[in-house]
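Here are some short exercises on helix packing and nonpolar cores. Have a look at the structure, try each task, and then follow the solution.

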Amino acid sequence: MSTTAKSKVKCLIWDLDETLWEGTLSEGGGHVLCSGVLDTIVELDRRGVLHSIASRNSYDIAIQRLRELGVDEYFLVPQIGWFDKAEMVARIQRDLNIGVDSLAFIDDQSFERDAVRRRFPDVRTYSAEQVTEITSLAEFAPEVLTSDSGRRREFYRAALKRHTDETEFGGTDKEFLESLKMRFLVREACVEDLGRAEELVVRANQLNSTGVTYSFDDLHAMVESSENIVLVAELEDRYGSYGQIGIAVIEVGAAEWTIMLFLMSCRVMSRGVGSLFLGLIAERAALKGVRLQARFRDTGRNRPMYVTYRLAGFTEASSLDDRTQLMMLSEGFQYSKPAYVEVIEEWSNCE
C-alpha cells in the first residue's frame, strides 16, 4: 500500500505532418503512415491509452485523410486548425476531463514541443523519432490490463455523446438524468474484479477519499478477509456502459463499520451516484445495526469526495491536520434513492 501513485499517460496527442504520416498534407503528402505508427496506436489503444490530435491543417481534409488511412476511429476530440498547439492541448484536456499530468504530446518539431512544455510543464513530450519506443516506456504501461482497458475509447466516446446531448437538452437537469435511464450496480468484489479495481485506484487519484492506493495483492487480501468488505460499483445508461466506476473498502466490526477508502471515477460524479453509493452502504450498515464512519484525508485534489460524504449525510466527528473522521448519525440517516436510477445490489455474491 502506498499514499502516492506516479501518473501514467492516459492520452497521447499526435501531430500529423511528418509525425503520424509521411510528408505534409498541404504539399501533397499524408498518403502513408510513418513507420511504426499503426503498431503504436493499436497497442496503446489495447492498453486503454486514448489518442487525440493537435495539428495545424485543414480540419475537413485531415479528417478525410485519416479515414482513408483507416485510423480515424482511434482519435477523440481531434484539434485540427490554424491556431496554437498549446491551446489545442488545453482543449483536449478540457474535453476529455483528465489531468494535464496524464497527457503526452508527440511532434516532429522541437519548437512545438517546447511551446507545449512552457504552458504545461507536466505534459510529457516526445519527438517523432521516438514513435517505435513509446510502447516500451514505463509511463505508457498500465499497472494491469483489464477487460475495461480495451473498451476505454468506447467509454469516452459515449461520454462525449452524452455531454453533447446534455448541452443541447432543452429540459431541466433532473429531466435529463431521468432520460438517461441509468442502472447502478453495487456488489461485493470477487477476485476477477480486482484487476480493474486496482487500475481504477491508480487512475482516479483526484476522487480518492484518502489518497491511499491499494495494490492487487492488498485488495485480494481484503476480499479474502472477514474483517473487510470490498465493494465495486458499475453504471450503465441508454448510451452504454461506463464500466466499473467506484470502489469502497470497508473495515467491518461487530459494532462499527469504517469506510477506509471511497473512490469514484470523475466521469460519473455529475450523475449523483457518489452519494447513492454511500447511501447504499449506510443503509446496509443500518440493517446490520452497526455504526458507520469514514476516513477522509485532504490531498489538495479530492475535495469533491468530502462534499460527497456530507451530501450523503456524514458529519465530522474529529479532525487533525489533513485527516478527518466522519460519522453517519443513525438518527440522521434519511437517504432516499433517486427515482431516476434503477439500483441493483448484490451482497455476498462471490460465495
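**Exercise 1.** This is a predicted model. Work out which residues of α9 meet which residues of α10, then describe how the two helices cross.

*Solution.* Start with the contact: on the α9 side you should find Gly-274, Ser-275 and Leu-278, and they meet Thr-308, Tyr-309 and Leu-311 of α10. Sorted by character, the residues of this contact are three nonpolar, three polar and no charged. Next, take the axes of α9 (residues 273–288) and α10 (residues 303–311): they come within 9 Å and cross at roughly 55°. That angle makes α9 oblique to α10. Finally, the handedness: α9 passes α10 in a right-handed crossing.

**Exercise 2.** Do the same for α3 (residues 85–96) and α4 (residues 110–119).

*Solution.* The axes lie 8 Å apart, and the packing angle is about 55°. This makes α3 oblique to α4. Their crossing is right-handed. In α3, Lys-85, Ala-86, Glu-87, Val-89 and Ala-90 meet Glu-112, Ala-115, Val-116 and Arg-119 in α4. Count by character and you get five nonpolar, no polar and four charged.

**Exercise 3.** Find the members of the largest nonpolar core that touch the most other members, and trace the contacts of Phe-277.

*Solution.* The core has 43 residues, and those touching the most other members are Phe-184, Leu-231, Ile-259, Phe-262, Phe-277, Leu-292 and Phe-314. Its largest share, eight residues, comes from α9. Now set aside neighbours within four places in sequence: the contacts of Phe-277 include Phe-184, Leu-231, Phe-262 and Met-264. A second, separate core has 28 residues, among them Leu-12, Leu-20, Leu-44 and Ala-104.

How values were computed. Residues are numbered from 1 along each chain as its sequence is written. This is a predicted model: local features need pLDDT of at least 70, side-chain atom pairs count only at pLDDT 80 or more; totals for chains, interfaces and linings use all residues. Side-chain values use heavy atoms; hydrogens and water are left out. Axes are lines fitted to C-alpha atoms, for helices over the stretch in contact, and angles run from 0 to 180 degrees between N-to-C directions. Helices (H or I, at least four residues) and strands (E, at least two) are DSSP runs, numbered from the N terminus. Angles under 35 degrees count as roughly parallel, over 145 as roughly antiparallel, 65 to 115 as roughly perpendicular and the rest as oblique. A crossing is left-handed if the near helix is turned anticlockwise from the far one by less than a right angle, and right-handed if clockwise. Contact means heavy atoms within 4.5 Å. Ala, Val, Leu, Ile, Met, Phe, Trp, Tyr, Cys and Pro count as nonpolar, Asp, Glu, Lys and Arg as charged, and the others, Gly among them, as polar. A nonpolar core is a set of buried Ala, Val, Leu, Ile, Met, Phe, Trp, Tyr and Cys residues joined through side-chain atoms within 4.5 Å. Buried means under 20% relative accessible area, exposed over 50%, partly exposed in between (1.4 Å probe, protein chains only).
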